[in-house]
Amino acid sequence: MDFEPLLLTFKLASITTILLFLIAIPLCYWLVQTNSKTKPFVETLVSMPLVLPPTVLGFYFLVFLSPNTTFGNWLENMLGIKLVFSFLGLIIASIIYSLPFMVHPIQSGLTALPKSYTETAVLMGKSKWTILTKVLLPNIKPAILTGLVLTFAHTIGEFGVVLMIGGNIPGKTKVASIAIYDEVETLNYAAANQYSLILLSISFIILLSVYLINGGYLKRTIR
Amino acid sequence: MMYCNFQKTYNSGKRSFSIDIEASFQLNAINVVYGNSGAGKTSLLRLLSGLDKVDSGLIRVNKKDWLNTKNKTFLPSHQREIAYVFQDYGLFPNMTVTENLEFAKKDINQTLLNEVVEMLELETLLKTKPNHLSGGQQQRIALARAIVQEPKFLFLDEPLTAIDETLRSKLQTYLIQLQKKQKFTVIMVSHNLQEVLKVASHVCVIHQGKATSQGIPSLLLKENPKNTLKAVVISSGTLTIDVVVETQKMTILKENILSKNYTIGDEVEIKIH
């Protein structure tokens, strides 16, 4: 069995999770604090990947980022960045595709916190950064963990977007889900089964650990 | 003096609630906002502190505008030097009691901190996280955290309700002493008449979003806003009776002093011995 697709999958999932976390925190903070009329539009855009077929998202990535378009051409010629059929393109597509899986839990966590936490800290003269890092985020650890894990697990399972934007380039864009599809196409069910079993086990273990941690089961055992 | 005259309408779904208040509060004194549940006491505190924004109006403190919608003046909440004890305490669950206290102020006054910890009986709780404590304990920590900030204004929203009677009385006395020592201005929400008469030097009675009467506590019962029942306390002194004003009648709890039930429209005189 070729382990490269698996390694590539975990590399993609790790980078996507980290970058998306850094994007989601300020975005969620803004969504929770704001009364702006643009909020429902931003929330809609964030949630779109939940209902949109991945191929639609992948198709538009392909169209807009292709070197045939002005933007894609500018990226490639001026900055030397090629997003279509590249690992970087996969990361950007994965970030957008997994956006709701990170944003929703964290936004819900922040919304559920009593307003008095923020208000007390504001009256103490604390900066927004201090309020976020010392007061809000430490009190929504389960929500953050859920966001991180869902994003990671969801990125592992990506198929449609990856196929559309990344294609099937070994070592570059051929992730495990694509490898399974590939093996099935060539009727190599044993290899497909190996990849599938690994993804199945990892997904199960990751999700189980979230439920164990957030449910406090591990703490109870330690005590 | 702190003078306020402002309007605010809160809309929540189909319901709306309006605040239209003109009131003044004494600086360097304990002011109590008194009124029934839902009268607008908490909203008044929130509007005074700038946590909620008024629709129109003015808040002036010692000739300085905290808020003036005419010339669009708005002093941000954190510049008003207010420490606020919320009804839900607002303690940070991720921090221990000590961390909660130390987070409140840089270069905390250790002498004051030790005094507050002792007075509020927090010694055994310092290493505990607030979620593991009772409501009364959390309330004391919230009060301690507000005091150690050494604010100019101390806003207290029903700060002693969850504390047992003996300790509550002790804390009321401590608050009076501390206010005299530190010279801060207290604006405290309460619906406990005994508490009002004990700690307040100025009372503002709120009813349905309006300040219906204000003045020294001995005049508190001059007009009861909810049921238009009128009462006058005619001398000041240590309170030996507890008064509960209900919708339909006024009941004097200590029956050996006065046992008559009063109905709407009665005018009563209560002597405090």
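Helices (H or I, at least four residues) and strands (E, at least two) are DSSP runs, numbered from the N terminus. The structure is a predicted model, in which local features need pLDDT of at least 70 and side-chain atom pairs count only at pLDDT 80 or more, whereas totals for chains, interfaces and linings use all residues. Residues are numbered from 1 along each chain as its sequence is written, chains are lettered from A and ligands numbered from 1 in the order in which they are written, and side-chain values use heavy atoms, with hydrogens and water left out.

**Exercise 1. Locate K174(A) and describe its surroundings.**

Step 1. K174(A) sits in the loop that runs between helix 9 (160-166) and helix 10 (176-185) of chain A.

Step 2. With a relative accessible area of 16%, K174(A) is buried, on a scale where buried means under 20% relative accessible area, exposed over 50%, and partly exposed in between (1.4 Å probe, protein chains only).

Step 3. Leaving aside residues up to four places away in sequence, K174(A) touches P5(A), L8(A), N168(A), I169(A), A179(A) and D182(A), contact being heavy atoms within 4.5 Å.

Step 4. With D182(A), the side chain of K174(A) also makes a polar contact of 3.2 Å. A polar contact is a pair of N or O atoms within 3.5 Å; within protein, one must be able to donate a hydrogen and the other to accept it, and residues adjacent in sequence count only if both atoms are side-chain atoms.

**Exercise 2. Compare the record for chain A with the helix content of the model in residues 44-63 and 195-213.**

Step 1. An unreviewed UniProt entry places the feature "transmembrane region" at residues 12-32, 44-63, 83-103, 143-165 and 195-213 of chain A; the positions are given in the numbering used here, feature names are shortened, and annotations may be inferred rather than shown by experiment.

Step 2. Residues 44-63 of chain A are 90% helix and 0% strand, and their end C-alpha atoms lie 22 Å apart.

Step 3. Residues 195-213 of chain A are 100% helix and 0% strand, with end C-alpha atoms 27 Å apart.

**Exercise 3. Characterise the interface of chain B and chain A.**

Step 1. About 1500 Å² is buried between chain B and chain A, 63% of it on carbon and sulfur atoms, where buried area is the accessible area (1.4 Å probe) that two parts lose on being put together, summed over both. In chain B, the residues that lose the most area to chain A are F92(B), N94(B) and F103(B), together 32% of what that side buries.

Step 2. The contact draws on 19 residues from chain B and 17 residues from chain A.

Step 3. One salt bridge is counted between the two chains, a salt bridge being a side-chain nitrogen of Lys or Arg within 4 Å of a carboxyl oxygen of Asp or Glu. R46(B) forms a salt bridge with E119(A), their closest N and O atoms being 2.5 Å apart.

Step 4. Five residue pairs across the interface are in polar contact, both residues being at pLDDT 80 or more. On the side of chain B that touches chain A, helix 1 (41-49), strand 7 (82-85) and helix 2 (97-104) each supply at least two residues.

**Exercise 4. Examine the salt bridges of E81(B) and E121(B), and state which parts of chain B each one links.**

Step 1. Between E81(B) and K152(B) there is a salt bridge whose closest N and O atoms are 3.5 Å apart. Because E81(B) lies in the loop between strand 6 (73-74) and strand 7 of chain B, and K152(B) in the loop between helix 4 and strand 8, the pair ties together parts that are 71 residues apart in sequence.

Step 2. E81(B) is partly exposed at 41% relative accessible area, and K152(B) is partly exposed at 48%.

Step 3. The side chains of E121(B) and K170(B) form a salt bridge of 2.9 Å, N to O. This pair links distant parts of the chain, 49 residues apart: E121(B) lies in the loop between helix 3 (110-119) and helix 4 of chain B, and K170(B) in helix 5 (residues 165-182).

**Exercise 5. Is K63(B) buried or exposed, and where does it lie?**

Step 1. K63(B) lies in the loop between strand 4 (56-61) and strand 5 (64-68) of chain B, and its relative accessible area of 81% makes it exposed.

Step 2. Phi of K63(B) is near 70°, a positive value in a residue other than glycine. Most residues other than glycine have a negative phi.
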